[in-house]
Amino acid sequence: MIYEAHVKGFTAHTSSGVAHPGTYLGFAEKIPYLRTLGVNAVELLPVHEFYVDDFLRAKGLTNYWGYNSAGFFAPESSYGTGRYPGCQVEEFKSLVRELHRAGIEVILDVVYNHT
């Protein structure tokens, strides 16, 4: 079964019970749960660095979905824990590694015409 997931949205709420809500590490904490559901692949909605439009920032809003790509080969920094600069790269790689270790394939959602 393929599970389509938004990294932040999957664990952002406190009910997710993870130590790092809304992050790559928080998502990794839920791998055992995905296994109990019979998930063998996850399609991650955009995980590359995206730009939040100025008109959204002016209203105190954000680009939740991430379909305004700024860097296709850079993991989105807001999904990292922010413990140190660039931690999102290491944490994204760790997430993918742990999903693979659990027998879960990873599909990345990329829409090139949303730039």
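These are my notebook entries on what I looked up in this predicted model.

**Entry 1: confidence**

I began with the predictor's own scores, and found that the protein averages a pLDDT of 93, with 98% of the residues scoring at least 70. I then asked which element has the lowest mean pLDDT and which the highest. Among the elements, strand β1, residues 2-5, has the lowest mean at 88, while helix α5, residues 87-101, has the highest at 98. I keep in mind that predicted coordinates should not be read in detail where pLDDT is low.

**Entry 2: fold and overall dimensions**

I looked up the secondary structure next and noted 5 helices and 5 strands in the protein, which follow the pattern β-α-α-α-β-β-α-β-α-β when read along the sequence. For the overall dimensions, I recorded that the C-alpha atoms fill a box of roughly 40 × 30 × 25 Å along the principal axes. The radius of gyration is 14 Å, and I take this to agree with a compact globule because one of 115 residues would have a value near 13 Å.

I also looked at how the chain contacts itself: of the contacts with a separation of 6 or more, 59% are accounted for by residues 24 or more positions apart.

**Entry 3: surface and charge**

I noted that 40% of the 115 residues count as buried, and that the accessible surface comes to about 6500 Å², of which 56% belongs to carbon and sulfur atoms. Turning to charge, I found 9 positive and 12 negative charges in the protein, and the mean positions of the two sets are 5 Å apart.

**Entry 4: helix α5, residue by residue**

I went to helix α5 and looked at C87, which lies in this helix. C87 has 2% relative accessibility and therefore counts as buried, the cut-off being under 20%. Leaving aside neighbours within four places in sequence, I listed the contacts of C87 as G80, T81 and G82.

E91 is also placed in helix α5, and I asked whether E91 is buried or exposed. At 1% relative accessibility, E91 counts as buried. Which residues is E91 in contact with, once its neighbours within four places are left aside? I wrote down Y24, L25, Y79, G80, T81 and R83, and I marked G80 and T81 in my list because they are in contact with E91 and appear for C87 as well.

The last residue I checked in helix α5 was E98, which has a relative accessible area of 28% and so is partly exposed. I also took its distance to S15, and found that E98 and S15 are 22 Å apart in space, C-alpha to C-alpha, with their positions 83 residues apart in sequence.

**Entry 5: F10 in helix α1**

I finished with F10, which is found in helix α1, residues 7-11. The relative accessible area of F10 is 15%, so F10 is buried by the under 20% cut-off. Apart from neighbours within four places in sequence, F10 is in contact with Y3, S16, F27, K30, Y33 and L34.

How far apart are the C-alpha atoms of F10 and T23? I recorded 9.0 Å for this pair, which is 13 residues apart along the chain. I also looked up F10 against C87, 77 residues apart along the chain, and noted a C-alpha separation of 20 Å.

Terms used
Residues are numbered from 1 along each chain as its sequence is written. This is a predicted model: local features need pLDDT of at least 70, side-chain atom pairs count only at pLDDT 80 or more; totals for chains, interfaces and linings use all residues. Side-chain values use heavy atoms; hydrogens and water are left out. Helices (H or I, at least four residues) and strands (E, at least two) are DSSP runs, numbered from the N terminus. The radius of gyration is taken over C-alpha atoms; the globule rule is 2.2 Å times the number of residues to the power 0.38. Buried means under 20% relative accessible area, exposed over 50%, partly exposed in between (1.4 Å probe, protein chains only). Contact means heavy atoms within 4.5 Å. Accessible areas come from the Shrake-Rupley method with a 1.4 Å probe; for residues, only the protein chains shown count as cover. Lys and Arg count as positive and Asp and Glu as negative; His and the chain ends are not counted. The place of a charge is taken as NZ of Lys, CZ of Arg, CG of Asp or CD of Glu. pLDDT is the predictor's confidence in each residue, from 0 to 100.
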